[in-house]
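Here's a quick walk through one protein model, written for someone who would rather be at the bench. Have the structure open while you read.

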Amino acid sequence: MRTLDNGDKIDAIIVDFSKVFDLVPHGRLLTKIANPGVDSRVVVWIREFLLGCTQRVRAGGQLSAEVRVTSGVPQRSVLGPLLFLAYVNGIWRNMESTIRLFADDCVIYRKIINNADIEKMQKNLDRLGEWAVENAMKINPSKNKAVHFTRARVKYPLNYLLMGTLIPEARICKYLGIILSSDLSWAVQVNYAVKKAWKVLYFTMRILKRSNSNTKCLTYTSLVRPIF
């Protein structure tokens, strides 16, 4: 926000990693955890946690043979996202632009002053693509978005490439559940939240029409107010 207030511009790329929690190779993950000097007992415990798992599929009443699971970290667990972050911890190396990662939600951005900054941003995207290949991570090119954050009326087109594919430009994007517009106005996010809250409120009013005030208050507190 301060950058835009000063009249500067920021180019940001929202990167979509595809099924990354399922793609983490167990062997490489354990090597990365052991390298920083983590207690060997912790490494052994994590190895026992990951290795030795099997899976099979049931279809039409038939059960397939068991297959060893050699990649992936458990989702919907406390340890799963932590192990994933340990695996991708080196993503920022050799990057001149700022890169932020929250679990598998990734954004890379840079203040743009001249063409040299645009070239540096593209080099960082090339490096990100190389990192993804080196670490067996899959990027979904069609779901990436490029956003030019500025309040200037005249805007240049964004022609950034990631893994050889032109990144589609967007005026708004959703990151960590928040809708961001190119001028950092909160109007779109506020309208979205209000519309969603009204839908939930209207539904609960119909269902609880004859309920007492305590039930209505509890429902509002539990279902509607958290949206805001």
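What follows covers a sheet, the helix across it, the nonpolar cores and two individual residues.

First, the ground rules. This is a predicted model, where local features need pLDDT of at least 70 and side-chain atom pairs count only at pLDDT 80 or more, while totals for chains, interfaces and linings use all residues. Residues are numbered from 1 along each chain as its sequence is written, and side-chain values use heavy atoms, with hydrogens and water left out.

**The sheet and its helix**

Four strands make an open sheet in the order β6-β7-β1-β8, paired antiparallel. β6 (98-102) and β8 are the edge strands with a single partner each, so one side of each has no neighbour in the sheet. On average, neighbouring strands here are turned by 20 degrees against each other, direction ignored. Strands and helices are DSSP runs (E, at least two residues; H or I, at least four), numbered from the N terminus, and two strands pair if DSSP finds at least two bridges between them. β1 (residues 9-16) and β8 are joined by five bridges; one of the pairs puts isoleucine 14 opposite lysine 145 in β8.

Helix α6 lies across β1, β6 and β7 (105-112), running at about 160 degrees to β7. Such angles run from 0 to 180 degrees between N-to-C directions, with axes fitted to C-alpha atoms, for helices over the stretch in contact.

**The cores**

A nonpolar core is a set of buried Ala, Val, Leu, Ile, Met, Phe, Trp, Tyr and Cys residues joined through side-chain atoms within 4.5 Å. The largest one has 37 residues, and Ile13, Val15, Phe17 and Met137 touch the most other members. Its largest share, five residues, comes from α6.

**Two residues compared**

Buried means under 20% relative accessible area, exposed over 50%, and partly exposed in between (1.4 Å probe, protein chains only). Contact means heavy atoms within 4.5 Å, and the contacts below leave aside neighbours within four places in sequence.

| Residue | Relative accessible area | Contacts |
|---|---|---|
| Isoleucine 118 | 25%, partly exposed | Ile112, Tyr156, Tyr160 |
| Asparagine 144 | 1%, buried | Ile14, Val15, Asp16, Ile139, Leu162, Ile167, Pro168 |

Isoleucine 118 sits in helix α6 (residues 115-134). Asparagine 144 is in the loop between α6 and β8 (145-149). What does the side chain of asparagine 144 reach? One partner is the backbone nitrogen of aspartate 16, at 2.7 Å, and another is the backbone oxygen of asparagine 140, at 3.5 Å.

Definitions and conventions: A polar contact is a pair of N or O atoms within 3.5 Å; within protein, one must be able to donate a hydrogen and the other to accept it, and residues adjacent in sequence count only if both atoms are side-chain atoms.
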